[in-house]
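Hi,

Here is the structure I promised to send over. Please open it alongside this note, and then read on for what turned up in it.

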Number of protein chains: 2
Amino acid sequence: MATIQDVAKLAGLSRTTVSRVINRHPYVTDEKKRLVMNAMEELNYVPNSSARRLRKQQTETIAVYVPRITNPFFSQMVEVMGNYASDRGYQLILCQTSYSRNQEINYLELLKTKQVDGLILTSIENEWSSIEPYMNYGPIMLCNEYNDQAQVPTVYLDQIEGGYIGTRHLIEQGHTQIAYCSGNNHASRVASDRYTGYKKALEEAGIVTNEDWFLTNAYSIDDGKRVFNEIAKMNDRPTAVFTGSDEVAAGIWKEALNHKWDVPNDLAIIGFDDQPVADLIGLTTIRQPIKNMAQQAMKQMIDIIQHKLPSEKKEIKLEFELIKRRST
Amino acid sequence: MATIQDVAKLAGLSRTTVSRVINRHPYVTDEKKRLVMNAMEELNYVPNSSARRLRKQQTETIAVYVPRITNPFFSQMVEVMGNYASDRGYQLILCQTSYSRNQEINYLELLKTKQVDGLILTSIENEWSSIEPYMNYGPIMLCNEYNDQAQVPTVYLDQIEGGYIGTRHLIEQGHTQIAYCSGNNHASRVASDRYTGYKKALEEAGIVTNEDWFLTNAYSIDDGKRVFNEIAKMNDRPTAVFTGSDEVAAGIWKEALNHKWDVPNDLAIIGFDDQPVADLIGLTTIRQPIKNMAQQAMKQMIDIIQHKLPSEKKEIKLEFELIKRRST
DNA sequence: TTTATCTATGGAAACGGTTTCATGATTTCG
DNA sequence: CGAAATCATGAAACCGTTTCCATAGATAAA
């Protein structure tokens with residue numbers, strides 16, 4: 001493996017000059033530039049990025065945190081972020097927290113050890129107070145997730161609205177018995193706000209909730225199936241269910257079909273995110289502008305890194321869209 | 001940011017000894033070890049990974065190439081690889097080739113610049129001859145994809161079997177007019193072998209194929225919809241269609257429903273991969289042991305890196321499983 | 001014409017670790 | 001008891017760049 005020294009020797013110049021050519025520094029005559037280029041070509045030289053990182057104290061790498069990459073919401077996000085970053089010379093390290101607090105903290109050490117220039121959190125497992133100290137080691141920002149205490153740039157949707165829009169839709173369809181079904185993340189405002197929106201819509205309509213209809217721990221299709229069975233077992237059953245993701249909604253629907261229930265007449269279902277599967281099966285859902293969110297976030301992050309901007313709260317809020325299909 | 005020097009000074013020892021403690025080298029007395037630990041604690045010291053990378057000439061990072069992370073086949077793969085790697089102290093760089101030859105080559109430079117210790121390709125866009133030269137810079141291996149010329153470890157399924165099993169199933173269901181629908185990757189043996197398997201099954205059954213029934217460029221649900229419309233427009237229509245992915249199959253089915261076709265009576269559809277969506281909608285499909293594949297591949301790669309094994313062909317072949325549902 | 005500024009280059013320090021080598025102290029073994 | 005092996009530590013070299021500083025010639029300004 002050729003080093004810059006080898007190139008310098010072959011070109012009959014100093015390392016410094018070679019470095020200048022590589023980094024497009026002015027003050028190198030065209031003649032020397034040509035000499036260096038030829039030498040690099042001949043030796044098939046490529047600068048060693050570890051050395052570069054050490055000297056420049058930057059890695060051109062950005063970490064993206066997601067709970068699980070198989071969740072289509074997050075994989076879409078990562079797809080867009082990855083492409084955007086790659087186009088600008090940054091690479092992406094994927095950190096899957098697996099909904100685990102420990103795992104999240106483990107990965108945070110990445111920033112501390114200077115393995116990345118910054119990180120984007122799409123979901124938070126720990127209290128903000130556990131994450132905040134890491135801000136000393138480099139820029140952190142939020143995308144999708146948001147938090148009052150976090151003094152960081154945030155690209156998000158107001159999930160109160162999300163919960164409200166969906167529930168409001170069900171109410172307008174004539175439902176008064178509406179179940180609520182979500183994940184299980186205590187530290188996340190996405191979860192709690194959405195629930196707040198749900199309750200807000202109910203209260204406005206003067207509807208009383210049934211505590212039994214608050215179903216948690218639902219992330220996947222299988223969870224949806226389980227949720228359906230919980231609903232089916234109830235004495236006082238809801239006529240509609242608000243879910244936190246299209247996958248869960250799809251699982252509920254699938255199991256409902258197995259039990260010969262008619263959707264939406266026996267049970268109306270509304271999903272969240274507008275994943276491809278929602279269109280496929282005809283699920284009413286609340287669309288989140290994932291790509292837009294992802295791109296704005298990555299743009300912000302690269303901006304912050306390149307201009308060494310101080311970390312401060314800067315909120316970019318995007319909007320939901322209700323997509324009405326045949327499940328409601 | 002504290003350096004090893006600061007720790008050494010505070011502990012009243014040399015950098016060497018501190019380094020030994022960090023790297024769990026024997027020959028350090030418990031007393032000094034304690035001194036070092038305390039100093040590290042007090043200074044909140046973390047070794048700088050760029051420096052470490054430079055000196056040790058390794059990055060503890062592995063690049064994984066996928067066409068697009070939103071394809072569930074690949075996101076499952078990446079999920080497993082990411083977790084497996086992370087458990088063993090490696091991190092994952094995600095490289096999305098976007099089905100582009102250029103993009104693939106661009107990312108290959110990662111290995112050259114020593115940004116990663118090795119790379120796993122799950123799909124190949126370029127001819128192997130374009131990829132091979134990069135083997136000089138570090139270990140490369142294949143997972144899912146395979147190639148005759150590639151003298152590298154390969155975890156794969158024999159796609160001839162895959163194509164055969166699926167087509168055979170359709171034939172057994174009484175079909176003789178079977179369309180074939182796939183992506184568009186010329187460099188990939190996954191694609192060509194699967195087609196070979198399809199033709200093999202037909203030939204064995206003495207069935208003549210119709211060239212018009214060879215449909216390409218199909219990756220997504222939307223592509224599936226388009227494919228359906230192409231089929232619907234035909235004068236001589238197939239009664240069954242073999243697809244290269246569950247997403248495409250789902251798209252075909254969805255559009256068939258829109259046109260009031262009955263599946264499987266008007267058109268039988270078989271998917272590939274056994275994604276969650278297949279179970280959801282009742283799609284017959286050919287399961288690939290994705291998780292197993294991913295894990296074996298990552299295990300291999302880490303093994304190769306840690307034991308500096310020479311790159312050689314080593315094939316690990318896994319098996320398909322036909323999952324019969326109601327679309328056939 | 002002298003002085004200040006700009007251009008072009010190289011030597012050496014710096015980035016922050018790990019590894020090699022040297023050395024002395026301690027233990028083991030014949 | 002002396003030689004050999006093992007343990008414990010530190011100084012210095014090294015990994016491959018970029019950057020700071022010095023120098024010198026060329027050009028511009030006074």
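To start with the DNA: how far from a base nitrogen of DNA strand D does a polar side-chain atom of Arg15(B) lie? The distance is 3.1 Å. Please keep in mind that this is a predicted model, and that every value below is computed from it.

**DNA strand D**

Two residues of chain B reach phosphate oxygens of this strand in different parts of their own structure. Thr17(B) does so with a polar side-chain atom, at 2.4 Å, while Thr29(B) uses a backbone N or O atom, at 2.9 Å. Two or more residues of the surface near DNA strand D come from each of these elements: α2 (15-22) and α4 (49-56) of chain A, and α2 and α4 of chain B.

There are 28 residues around DNA strand D, and those that come nearest are Ile4(A), Ser19(A), Arg55(A), Thr17(B) and Tyr27(B). By class, this surface has nine nonpolar, ten polar and nine charged residues. If you look from the side of the DNA, sugar or phosphate accounts for 59% of the strand D atoms within 4 Å of the protein, and bases make up the rest.

**DNA strand C**

On this strand, Thr17(A) has a side-chain N or O atom 2.4 Å from a phosphate oxygen. Ser19(B) also points a polar side-chain atom at a phosphate oxygen of DNA strand C, at 2.7 Å. A base nitrogen of the strand lies 3.5 Å from a backbone N or O atom of Ala51(B). Here the elements giving two or more residues to the nearby surface are α2 and α4 of chain A, together with α2 and α4 of chain B. Of these, α4(B) brings the largest share, five residues.

DNA strand C has 29 residues around it, with Thr17(A), Tyr27(A), Arg55(A), Ile4(B) and Ser19(B) coming nearest. They divide into ten nonpolar, ten polar and nine charged. Of the strand C atoms within 4 Å of the protein, 58% are sugar or phosphate atoms, and the rest belong to bases.

**Domains of chain A**

Chain A is divided into domain 1 (4-47), domain 2 (59-158 + 290-319) and domain 3 (159-287). The C-alpha centres of domain 1 and domain 2 of chain A are 37 Å apart. An unreviewed UniProt entry lists residues 2-56 of chain A as "domain: HTH lacI-type". In the model, that stretch of chain A is 69% helix and 0% strand, with 20 Å between its end C-alpha atoms.

**The second largest pocket**

This pocket has a volume of about 1000 Å³. Its lining is made of 33 residues, and the ones nearest its centre are Thr113(A), Gln115(A), Arg52(B), Glu60(B) and Gly89(B). At least two lining residues come from each of α6 (101-112) of chain A and α2 (15-22), α3 (30-43) and α4 (49-56) of chain B. The largest share, six residues, is from α6(A). In the lining of this second largest pocket there are ten nonpolar, 13 polar and ten charged residues.

**Backbone details to look at**

Which peptide bond in chain A is cis? That would be the bond joining Val263(A) and Pro264(A), with omega about 10 degrees. You will find Pro264(A) in the loop between α11 (246-258) and β9 (268-270) of chain A. In chain B, the peptide bond from Val263(B) to Pro264(B) is cis, with omega near 15 degrees. Pro264(B) sits in the loop between α11 (246-258) and β9 (268-270) of chain B.

One last residue for you is Arg24(B), which is not a glycine but has a positive phi of about 50 degrees. Arg24(B) is placed in the loop between α2 and α3 of chain B.

Happy browsing, and best wishes!

Key. Residues are numbered from 1 along each chain as its sequence is written. Chains are lettered from A and ligands numbered from 1 in the order in which they are written. This is a predicted model: local features need pLDDT of at least 70, side-chain atom pairs count only at pLDDT 80 or more; totals for chains, interfaces and linings use all residues. Side-chain values use heavy atoms; hydrogens and water are left out. On a 1 Å grid over the protein atoms alone, a cavity is a set of points where a 1.4 Å probe fits but cannot get out, and a pocket is an open set with protein on both sides within 12 Å along at least five of seven lines; lining residues have an atom within 4 Å of a point. Grid points are joined across faces, edges and corners, and a volume is the space filled by probe spheres set on the points. Helices (H or I, at least four residues) and strands (E, at least two) are DSSP runs, numbered from the N terminus. Ala, Val, Leu, Ile, Met, Phe, Trp, Tyr, Cys and Pro count as nonpolar, Asp, Glu, Lys and Arg as charged, and the others, Gly among them, as polar. Domain bounds come from an automatic or database domain assignment. A residue is near a molecule or strand if one of its heavy atoms lies within 4 Å of it. A polar contact is a pair of N or O atoms within 3.5 Å; within protein, one must be able to donate a hydrogen and the other to accept it, and residues adjacent in sequence count only if both atoms are side-chain atoms. UniProt positions are given in the numbering used here, feature names are shortened, and annotations may be inferred rather than shown by experiment.
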